[in-house]
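Please go through the briefing below with the sequence and the structure side by side. The points are grouped by topic.

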Amino acid sequence: MLIREAALDAVASGSERITKKIMNQIVLPRVSEESYRNKRKRRRNPPPGQDGGAEAS
């Protein structure tokens, strides 16, 4: 959502570049931020057996 909004703002402003300044001006809905945090937690702490590593023999 952040990239999409930044791209729209970049095109609307005529710069056609996504910059840190543009990204810092984007206000995301709280639901989006909470969803992102939850996904990061799941990636850092995968359930046992789902870490992508090989099982011990």
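I3 lies in helix α1 and is exposed, with a relative accessible area of 53%. The C-alpha atoms of I3 and M23 are 7.7 Å apart in space, with these positions 20 residues apart in sequence numbering. The coordinates belong to a predicted model, in which the chain has three helices and zero strands.

**Overall layout**
- Read from the N terminus, the elements of the chain follow the order α-α-α.
- The chain has 57 residues, and 7% of them count as buried.
- About 5,400 Å² of the chain is exposed, and carbon and sulfur atoms supply 50% of that area.

**Helix α1 and the residue after it**
- Helix α1 covers residues 2–13 and has 12 residues.
- From its first C-alpha to its last, α1 reaches 16 Å, which is close to the 16 Å expected at 1.5 Å a residue.
- G14 comes just after α1 and takes a positive phi of about 90 degrees.

**The loop between α1 and α2**
- E16 lies in the loop between α1 and α2.
- The phi of E16 is positive, at about 55 degrees, although E16 is not a glycine.
- E16 is exposed, because its relative accessible area of 63% is over the 50% cut-off.
- T19 also has its place in the loop between α1 and α2, but T19 counts as partly exposed, at 33% relative accessibility.
- T19 and A7 are 12 residues apart along the chain, and their C-alpha atoms are separated by 9.4 Å.

**Helix α2**
- Helix α2 spans residues 20–25, and Q25 lies in it.
- Q25 is exposed, with a relative accessible area of 54%.
- Between the C-alpha atoms of Q25 and A6 the separation is 8.6 Å, and the two residues are 19 apart along the chain.

**Salt bridges**
- How many salt bridges does a search of the whole structure find? The search finds two.
- Side chains of opposite charge can pair when their charged atoms come close.
- One salt bridge joins the side chains of R4 and E5, at 3.4 Å from N to O.
- The R4–E5 pair counts as a salt bridge because its N to O distance of 3.4 Å is within the 4 Å cut-off.
- R4 is exposed, with a relative accessible area of 55%, whereas E5 is partly exposed, at 29%.
- Another salt bridge joins the side chains of E34 and R30, at 3.6 Å from N to O.
- The E34–R30 distance of 3.6 Å is likewise within 4 Å, so this pair meets the cut-off.
- E34 and R30 are four residues apart in helix α3, so about one helical turn separates them.
- E34 counts as partly exposed at 37% relative accessibility, and R30 counts as exposed at 65%.

**Helix α3 and its charged patch**
- Helix α3 covers residues 30–44.
- Which residues gather in a patch of positive charge on the surface? They are K39, R40, K41, R42, R43 and R44.
- R42, one of the residues of this patch, lies in helix α3.
- R42 is exposed, with a relative accessible area of 55%, so R42 is above the 30% relative accessible area that a patch residue needs.

**Points to check on the model**
- For backbone angles, look at G14, with a positive phi of about 90 degrees, and at E16, with a positive phi of about 55 degrees.
- For C-alpha separations, look at I3 and M23 at 7.7 Å, Q25 and A6 at 8.6 Å, and T19 and A7 at 9.4 Å.
- For charge, look at the R4–E5 salt bridge, the E34–R30 salt bridge, and the positive patch that includes R42.

How values were computed: Residues are numbered from 1 along each chain as its sequence is written. This is a predicted model: local features need pLDDT of at least 70, side-chain atom pairs count only at pLDDT 80 or more; totals for chains, interfaces and linings use all residues. Side-chain values use heavy atoms; hydrogens and water are left out. Buried means under 20% relative accessible area, exposed over 50%, partly exposed in between (1.4 Å probe, protein chains only). Helices (H or I, at least four residues) and strands (E, at least two) are DSSP runs, numbered from the N terminus. Accessible areas come from the Shrake-Rupley method with a 1.4 Å probe; for residues, only the protein chains shown count as cover. Patches are made of residues with over 30% relative accessible area and no salt bridge: like charges are joined within 9 Å, nonpolar side chains (Val, Leu, Ile, Met, Phe, Trp, Tyr) within 5 Å. Lys and Arg count as positive and Asp and Glu as negative; His and the chain ends are not counted. The place of a charge is taken as NZ of Lys, CZ of Arg, CG of Asp or CD of Glu. The expected span of a helix is 1.5 Å times one less than its number of residues.
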